[in-house]
Amino acid sequence: MKKMDEMEQAHALQAIRITFLYSMIFEFAYWIMECVHAKEFVTKDSIMFFLIITQGVVLILSQFFLKGKAGDSKGFLGIVAAFVFALIALTVGFFLMKVGV
């Protein structure tokens, strides 16, 4: 198996980005349809809201982690900030589900 050159790596990375964007758009549209159908902002029986949030958080955490491995000094602080943001987002999500907004 031969190693990928820079152009092949760029194409593979672009394909991954497009796939991620497609899945986020699909999940967001599906979540909107669920909310309209249930007539609630966050439906109680749907995991789509948390999937959208956690997918974005995983993207951010992995970017900060890989930047930290590459020598970026702000990588660790970014991971901590993203983790705090994730906790806040999940707390707000659980609160909205309990209140039934």
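**A guided reading of a three-helix model**

The secondary structure of this protein comes to three helices and zero strands. The model is predicted.

Visitor: Which pattern does the protein follow, read along the sequence?

Guide: The secondary structure holds three helices and zero strands. Read along the sequence, the protein therefore contains helical elements in succession, as helices are numbered from the N terminus. The pattern is α-α-α.

Visitor: What percentage of the residues of the protein count as buried?

Guide: A residue is buried when its relative accessible area is under 20%. The protein has 101 residues, and the share that count as buried is 23%.

Visitor: Is Gln55 buried or exposed?

Guide: Gln55 lies in helix α2, which spans residues 48-69. The C-alpha atoms of Gln55 and Phe20, 35 residues apart along the chain, are separated by 9.2 Å. The relative accessibility of Gln55 is 18%; because the cut-off is under 20%, Gln55 counts as buried.

Visitor: Which helix gives the most to the lining of the largest pocket?

Guide: The lining consists of Leu13, Ile16, Arg17, Phe20, Leu59 and Gln63. Both α1 and α2 supply at least two residues of this lining. With four residues, the helix that gives the most is α1.

Visitor: How many nonpolar, polar and charged residues are in the lining of the largest pocket, by class?

Guide: The pocket in question has a volume of about 180 Å³. Its lining includes Arg17 and Gln63. Arg counts as charged, whereas Gln falls among the polar residues. By class, the lining has one charged, one polar and four nonpolar residues.

Visitor: What separation is found between the C-alpha atoms of Phe28 and Met48?

Guide: Phe28 has its place in helix α1 and is partly exposed, with a relative accessible area of 45%. Along the chain, Phe28 and Met48 are 20 residues apart. Their C-alpha atoms are separated by 8.0 Å.

Visitor: Why can Tyr30 be part of a nonpolar surface patch?

Guide: Tyr30 is found in helix α1, residues 6-38. Patches are made of residues with over 30% relative accessible area and no salt bridge, and Tyr is one of the nonpolar side chains considered. Tyr30 meets the area cut-off because its relative accessibility is 35%.

Visitor: What area does the nonpolar surface patch have?

Guide: Four residues, Tyr22, Phe26, Tyr30 and Met33, make the patch. Among them, Tyr30 counts as partly exposed. The area of the patch is about 490 Å².

Notes: Residues numbered from 1 in each chain as written. Predicted model: local features only at pLDDT ≥ 70, side-chain atom pairs only at ≥ 80, totals over all residues. Heavy atoms only, no water. Patch = residues over 30% accessible without salt bridge, like charges linked within 9 Å, V, L, I, M, F, W, Y side chains within 5 Å. Areas by Shrake-Rupley, 256 points an atom, 1.4 Å probe, with all protein chains shown as cover. Salt bridge = Lys/Arg side-chain N within 4 Å of Asp/Glu carboxyl O. Buried < 20%, exposed > 50% of the residue type's maximum accessible area, 1.4 Å probe, protein only. 1 Å grid on protein atoms, 1.4 Å probe; cavity = no way out; pocket = protein on both sides within 12 Å on 5 of 7 lines; lining within 4 Å. Points joined across faces, edges and corners; volume = space filled by probe spheres on them.
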